[in-house]
Structure formats: structure tokens, C-alpha cells
Amino acid sequence: MQTENYTIRKASLEKLFNNLVEKGKTVYAPKAKGKVVLFENVERFDEITEDYIVTTNSAKSVVFPRVEEVFSYKKTKEKTEISDASANSFPDVVLWGSRPCDAAAFIPLTNTFNRDYTDIIYNKRFEKILILTFSCSKCDEYCFCTSVNSGTGNTAGSDILFTKLSTGDFLAEVITEKGKLLVEENSSLFEAKPAESKEQNLANVKTYFNHEEVQSKLQNLFENPVWDEKSRACLGCGSCAFVCPVCSCFDIQDESHGGNGSRLRCWDSCGFSLFTLHTSGHNPRETQGARWRQRILHKFLYMPDQSKVAGCVGCGRCSRACPADINILDTVTSL
Amino acid sequence: MTEFEPKIVAFVCNWCTYAGADLTGTSRIKYATNVKIIRFPCTGRIDFMLLLKAFGEGADGIIVSGCHPNDCHYTSGNFHARRRWIMFRGLLDMLGIDVRRIQYSWVSAAEGAKWADIVNTTVNAIRDLGPYTDYAKVAGYLEKEAEV
Amino acid sequence: MNELIKKAAELLESNVVQIVIGYGKGSAERTRTIFITEASGCDQLIFDSRCIQNLAVYLTKAEIKKLGKPAIVAPVPVLRSILQLASENQLTEDGLVVLGVTPESTLIEFESFAAIETYLASHKIEIDEKYQKIIEGIKSMPVEERFAYWVKELEPCFKCYACRAACPLCYCTRCTVENNQPQWIKSASHPLGNLEWHVMRAMHHAGRCTDCDACYEACPMGIPIHLLTKSMLQDVTENFGPYGPSLNKDNTLSSFKPEDKESFIK
């Protein structure tokens with residue numbers, strides 16, 4: 001559909017939030033917790049913080065929770081009952097306060113969960129989410145969205161994109177039918193589009209590299225020493241993969257308790273040393289350099305090449321969260 | 001309304017406490033039946049996680065018992081166990097896991113009466129404390145939807 | 001600072017060491033571990049209050065060991081870890097060169113692990129008062145409240161194991177959680193899985209932790225897991241006496257005294 005533009009006043013924005021909560025929607029919004037800002041379930045508008053460039057964790061848990069039951073079973077003397085999570089219905093969720101990079105990340109995420117297998121659970125969750133993004137008025141040296149075909153005012157992946165204007169009110173760009181429905185249900189809160197342009201209120205993120213150039217360079221860098229050099233300080237934890245809005249690797253854990261049990265899907269990371277360990281004992285990615293190479297190649301070559309989606313949205317969360325300060329932008333620009 | 005009967009799990013060493021418990025039986029001393037005994041070669045073999053797993057499986061109280069210091073069948077297993085129990089108890093206390101529900105004791109193979117006493121005292125104490133729901137609730141993740 | 005750079009360059013130049021592990025400029029205001037192989041690269045070395053990573057973690061990594069004999073820049077927290085690793089037989093004295101640095105960036109050269117122990121005798125592990133107060137506060141909560149507090153604090157944990165990865169004393173080639181026959185510690189990040197992991201981590205560090213706070217600094221979710229290790233540190237001191245890494249003492253939990261005292265065993 002054609003994007004429709006409206007103005008929403010600051011006070012009306014709060015009313016919109018309250019309407020959503022009253023309607024029983026589960027709202028996830030950025031909440032400050034000590035050193036970090038996390039997407040959490042909030043019920044009051046004043047719980048939401050505006051003081052963040054990106055949240056510490058990503059919003060992917062709304063469609064890809066860190067622990068998820070795939071199915072459960074109950075054994076009795078007569079039979080075994082299995083309850084499949086793909087038969088469940090999922091609650092309406094509103095993601096409030098995602099950044100354009102977060103919203104754009106849902107595109108490769110949805111692609112991964114539908115590419116060679118249709119993940120019913122993911123799709124059911126995704127259907128129920130409403131993504132209300134707020135564009136970026138500030139950025140920092142970790143951001144590089146403009147280098148990966150995204151930007152501080154990018155509407156891709158959002159249902160509505162809000163941009164704060166100099167007046168304190170917001171431009172609301174309604175991108176999808178879901179967004180349009182929300183406006184119709186709250187029509188009194190949305191007014192005629194503002195005169196002020198969006199662009200003057202967006203942060204300027206420096207372009208560090210050309211995505212297509214990097215993609216092409218990576219085809220010939222498999223044996224390059226850059227991987228070992230750049231990952232020497234890597235500790236092999238899962239922080240980067242877990243805070244990344246695009247990363248979707250998972251581990252299956254079966255947990256049982258007497259006659260009951262569940263199969264759980266849990267986050268996993270290609271940075272863990274045992275990620276590719278075979279039962280034979282052979283590990284094709286034995287060194288941290290091989291694992292770092294895989295991460296970069298997957299995001300900047302394999303995904304764009306094979307699935308025609310971006311593997312990285314340039315949010316910089318991985319670099320921010322890394323305890324060893326391995327910086328993905330640093331590696332990519334040094335290629 | 002049925003009165004709450006505590007479920008107690010006892011981690012005991014084979015050479016002293018288990019033999020002591022046997023003696024309680026052969027001496028025909030009556031004592032509470034709430035305890036399930038798990039036999040270990042030595043208290044030194046008792047992994048601290050086992051205690052938490054017992055709570056996770058629904059135990060309301062735990063008894064951990066072995067040979068008196070200097071009497072360990074393997075010479076020093078109980079000395080290591082004692083240090084471990086000291087540290088683990090401190091950690092549990094910090095975390096808010098109820099340490100009053102874990103009774104540690106030294107019961108020798110000759111102390112049949114002491115074993116009965118330990119069991120009876122522990123059962124009564126746990127009965128007063130009530131069922132241990134806090135930890136079991138956290139451990140009951142299989143019964144509720146996983147959190148986002 | 002210049003002495004440090006000079007010494008590092010000298011060591012590389014003369015091939016006494018093949019690699020220098022130190023702090024260099026990182027992203028934004030942070031520092032990053034750098035690995036220098038050429039003498040000319042030593043001017044990248046910096047040292048100031050931003051240098052919070054514990055570099056000793058790299059000394060036990062197979063891939064770093066392959067690079068040759070290292071010289072390591074070592075402020076006090078790193079020195080403590082080096083001494084603890086030495087006492088656990090993970091390092092050999094001639095296998096590395098320790099370049100100690102004071103908070104004022106003065107270089108101290110250590111000829112032996114014993115020399116490090118002597119130096120650290122005047123830099124004993126002491127839990128900061130602000131943490132003592134926080135721990136006291138938690139311990140004064142009634143049991144149920146305390147438990148609820150920790151379940152809530154541990155809730156953001158998503159099992160990235162950054163705490164494990166950043167700790168120099170977590171050098172097991174295969175951690176307990178990495179075995180699934182049996183899956184002793186649940187690896188999923190639900191409340192039970194998180195509790196089991198942090199209990200085990202605290203216990204495996206009891207009597208070994210040198211209070212460097214690397215675990216807390218590494219945690220991407222900002223969870224104060226160092227409160228658990230600090231509380232264990234307090235317990236060790238209370239029950240077994242003053243505590244610190246030593247070449248002459250075995251770890252608290254791998255040793256015992258027949259006269260150890262406690263108040264709770266009947």
C-alpha cells in the first residue's frame with residue numbers, strides 16, 4: 001500500500017500507548033535497567049525510556065524467544081499425549097520503540113524461518129506483532145546502518161514509523177495494512193501530516209563501506225589472515241549472536257521430568273567453540289578465526305547471495321556488547 | 001484436611017550413616033517414614049548440585065550425613081565434603097534458598113539411635129516450615145509457558 | 001608508560017618473547033586487547049583506568065599459546081589471576097614474561113611467580129565497601145524475598161557465557177555445561193537453567209576467585225553476578241582465614257584441615 005503520513009501530538013502518543021494496553025495488548029518497549037536498556041513488557045507510559053541509541057538486547061525475542069517450547073509430552077500408563085506448540089495461539093504483541101535497524105532485521109529473520117522450512121510457530125508469532133518504530137535523532141560510532149542499505153529513517157519492516165519533529169510532535173508514516181488498521185482504530189489521535197520534513201530530524205550516519213563491494217571482496221578472502229588477526233581477542237562467548245536482531249541459530253534441548261517432558265528451542269551462537277563439533281570429535285571450525293570468518297561471511301556474503309536479504313542491519317549491538325571489544329565495523333572496513 | 005507430610009531426601013555415606021540407619025532398623029527403633037535414602041560411597045562424592053536437584057524434584061527437606069571427621073572410610077572424603085558444605089551453605093543463604101531445610105550430620109555405624117533422632121527432628125522441623133514451594137516453582141518450568 | 005613500551009619492544013626485538021599481550025585503543029571510549037608481534041607495534045600500548053579486561057584469560061588459550069612465548073601487561077587484577085593460574089599449574093615461570101603496571105602506569109618487572117606473590121602481599125584482596133553494603137542488604141532480606149530478588153536479577157541472563165569466557169580461571173577445555181551426557185546444568189535460559197548455571201559458577205570459583213570483576217564487566221545484560229563471587233570470597237575469609245592466590249597454599253575446596261570448624265553439622 002502507499003505510505004500514508006499523519007501528525008501525532010506528543011500527548012496523543014501517550015494516549016495511543018494507553019489504548020493499546022487497555023485493549024490487552026502485550027507491549028514491549030525500551031526500559032532502562034541500570035547499565036542497560038532492555039525491551040521489556042511495560043504497562044505504563046512512564047516506564048519507557050527515550051534515552052537510547054539502540055537497546056542493549058534486540059527485539060527478536062517477540063518472534064524468536066530465547067527459550068521456546070516446541071512441543072511437550074505427558075506419558076500415562078495408557079498413552080502418551082503430545083501437545084505441539086504450533087497448534088497454539090499467541091498473544092497480540094506491540095513492539096514500541098524499535099529503531100529502523102531493528103525493524104529491518106525482521107526481514108532476514110522471517111526469511112530464515114521460511115526459507116527451506118516453514119516455521120509455523122515463528123509465523124504465528126510474527127503475524128501477531130505490530131511494529132511501531134521510532135526513527136533515530138542521534139547515532140554514535142557503533143552505528144553503520146547506511147553502509148548496509150538501511151538508514152535512520154528507513155521504513156522497511158515497520159508498521160508505523162514515528163519521527164520526532166522540532167515541535168515535539170511526531171510524524172507518523174503508516175507503511176502497512178496493520179499500521180493502517182491501528183490508525184483507523186485510533187483515528188482521533190492522528191491528524192493531518194506535518195509541514196516539517198522528516199529528513200531534517202534524522203541523525204546522519206556516516207557511510208563506512210559499500211555493501212555490494214564487501215560482498216564481492218569476501219568471495220576471495222577465505223584463506224586470508226585477517227580472520228585470525230581480528231578475532232585474536234575474541235573470548236568465544238555468545239554475546240554478539242544473542243544481542244543481534246538478525247542472528248537466529250538455535251539449539252534443541254530435550255528436558256524431561258518423570259513422565260513429562262518438553263523439547264525446547266534455545267538460542268545458540270556460532271561463536272561457541274563446540275558449535276560445529278561433530279559426534280566423531282572432528283570440529284570443522286576449530287579456531288576462533290574460523291568462527292569469526294563464518295560470522296562475517298554468513299552475514300555479508302552468504303545471506304545476501306543466497307537469500308537476497310541483508311545479514312546485518314548495522315545496529316552495532318554486537319560491538320557494543322562484546323566484552324573483548326571486537327568491532328564488526330572494524331573487521332569489515334579492514335577487508 | 002490432610003496434614004502436610006514433608007518429603008525428605010537423605011544423601012548418606014555407605015560406611016557410616018547407611019550402616020547406622022540399618023542399625024536403627026535392626027534395633028527396632030521406630031522413626032518417621034518420610035525419608036528416602038540415597039546411598040553414596042562417601043560424603044565426598046556428594047555433588048552440591050544434587051541437593052538443588054532434590055529440591056527441584058519436590059523435596060521439602062534434605063539430610064546430608066556421613067562419617068565423623070577422622071573416621072572416613074576413605075580417610076579424607078568427609079573433610080572435603082565439610083568444606084564444600086560450608087561454602088555451599090553460604091551460597092544458598094546468599095541466594096535465598098532456605099538453608100534451614102538442609103540438615104547436615106555425622107552419624108556413625110554405631111549410632112542407630114542418633115539416626116532416628118536426626119530424621120525425627122528434621123521431619124518435625126520441615127513440617128513446621130511447610131512445603132518448599134519457592135524452588136519447586138522455579139523448577140516447574142515444564143508446567144508453564146517459557147518466558148520471552 | 002614509556003618504560004612499558006620500551007621494555008615490550010625490547011623483548012620482541014630480542015625475540016625473548018614472540019608476542020606482547022596488552023591494552024590498546026578500542027571502540028569509542030573503550031580499550032581492547034591487542035596482540036603485538038613486531039617491536040614497532042608496541043607504541044599502540046596504552047594503560048589507564050579504562051583498562052578493565054583481565055588479560056590473563058588469554059594465557060591459557062591454545063591459539064594464543066601457539067603464537068609463542070608471551071609478555072603480558074599486568075595491572076594488579078591480572079597479576080592476581082596470573083598467580084592463581086600459576087598455583088594451579090596452568091603456567092610455567094619460563095613460559096611467559098610478566099610486565100606489571102601500577103595504577104600510575106609505572107612498570108614493574110617480575111622475575112618469578114614468587115616475586116609476584118611478594119608484591120601482591122601489599123595488595124591484598126579487599127571487597128569494596130559499597131559491595132559489602134549491597135551484600136549485607138541482600139542478606140538482611142527475609143529468605144523468600146532474597147530468592148525472589150535473585151530470580152529477578154538473573155532473569156535477563158540469556159546464557160551467553162560471557163562471564164565464563166572472560167574469567168581467567170574458567171579454563172576447562174570442556175565446561176560442565178558443554179556436556180550433554182548427562183546435561184547436568186540445564187543450558188536453556190529459563191529461571192531454573194539460569195539459577196543452576198550461576199550456582200555452579202560460584203561454587204567452581206569458591207576459594208579461587210580473585211575479585212577482578214571481569215565477569216560483571218563482560219555480562220552484556222549488566223547482571224551483578226560478581227555479588228555472588230564476592231559473597232563466596234567473604235565466606236572463605238570468614239571460615240578459613242585471609243585469602244588470596246598463593247604458590248604455597250592449595251585452593252580452599254581442594255584442601256582441608258582436620259580442625260575446620262562449622263556450626264551446623266549435628
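User: Which strands of chain A does helix 4 lie across?
Analyst: Helix 4 of chain A, residues 177–185, lies across strand 1, strand 7, strand 8 and strand 9 of that chain. Its direction is at about 125° to strand 9 of chain A. Keep in mind that this is a predicted model.

User: OK, and what's the strand order in that chain A sheet?
Analyst: The order is 1-9-8-7-6-2-3, so to speak an open sheet of seven strands with mixed pairing.

User: Which ones are the edge strands?
Analyst: Strand 1 (4–8) and strand 3 (36–41) of chain A, each of which pairs on one side only. From one strand to the next, the twist averages 25°.

User: What else packs on the sheet? Where does helix 2 of chain A touch?
Analyst: Helix 2 of chain A, residues 100–112, touches strand 6 (93–98) and strand 7 (129–134). Its direction makes about 145° with that of strand 7 of chain A.

User: Back to strands 8 and 9 of chain A. Parallel or antiparallel?
Analyst: Antiparallel: strand 8 (160–164) and strand 9 (170–174) of chain A are joined by five bridges. If you want a pair to click on, A:Phe162 has A:Ala172 in strand 9 as its bridge partner.

User: Switching to chain B. What order do the four strands have there?
Analyst: It's 2-1-3-4, in an open sheet with parallel pairing. The edges are strand 2 (35–40) and strand 4 (102–106) of chain B, each pairing on one side only. Ignoring direction, neighbouring strands of this sheet are turned by 20° against each other on average.

User: How many bridges are there between strand 1 and strand 3 of chain B?
Analyst: Five, with strand 1 (8–13) and strand 3 (61–66) of chain B paired in the parallel sense. Within that pairing, B:Ala10 stands opposite B:Ile63. Helix 1 of chain B, residues 14–26, packs on the sheet and touches strand 1, strand 2 and strand 3. The direction of helix 1 makes about 125° with that of strand 1 of chain B.

User: Now the interfaces. How many residues do chain C and chain B put into their contact?
Analyst: 34 residues from chain C and 34 residues from chain B.

User: Which helix of chain C gives the most to that side?
Analyst: Helix 8 of chain C, with eight residues. Helix 5 (129–139), helix 6 (143–153), helix 8 (191–204) and helix 10 (226–240) of chain C each supply at least two. By class, the side of chain C that touches chain B has 22 nonpolar, four polar and eight charged residues.

User: And what does the contact between chain C and chain A take?
Analyst: That contact takes 28 residues from chain C and 34 residues from chain A. On the chain C side, strand 2 (31–36), helix 7 (162–166) and helix 9 (214–218) each supply at least two residues. The class split for that side is 14 nonpolar, eight polar and six charged.

User: Last topic, the largest nonpolar core. Which residues have the most contacts inside it?
Analyst: A:Leu95, C:Ile72, C:Val73 and C:Ile82, in a core of 215 residues. Helix 3 of chain B, residues 77–95, contributes the largest share, nine residues. Domain 1 (2–120) and domain 2 (129–254) of chain C each give at least three residues to this core.

User: What is C:Val73 in contact with, leaving aside its neighbours within four places in sequence?
Analyst: The list is C:Leu4, C:Ile21, C:Gly22, C:Tyr23, C:Leu45, C:Phe47, C:Leu55, C:Leu99 and C:Val101.

Note on methods. Residues are numbered from 1 along each chain as its sequence is written. Chains are lettered from A and ligands numbered from 1 in the order in which they are written. This is a predicted model: local features need pLDDT of at least 70, side-chain atom pairs count only at pLDDT 80 or more; totals for chains, interfaces and linings use all residues. Two strands pair if DSSP finds at least two bridges between them. Axes are lines fitted to C-alpha atoms, for helices over the stretch in contact, and angles run from 0 to 180 degrees between N-to-C directions. Two residues are in contact if their C-beta atoms, placed from the backbone, lie within 7 Å. Ala, Val, Leu, Ile, Met, Phe, Trp, Tyr, Cys and Pro count as nonpolar, Asp, Glu, Lys and Arg as charged, and the others, Gly among them, as polar. A nonpolar core is a set of buried Ala, Val, Leu, Ile, Met, Phe, Trp, Tyr and Cys residues joined through C-beta atoms within 7 Å. A residue is buried if 20 or more other C-beta atoms lie within 10 Å of its own, exposed if 12 or fewer, and partly exposed in between; C-beta atoms are placed from the backbone. Domain bounds come from an automatic or database domain assignment.
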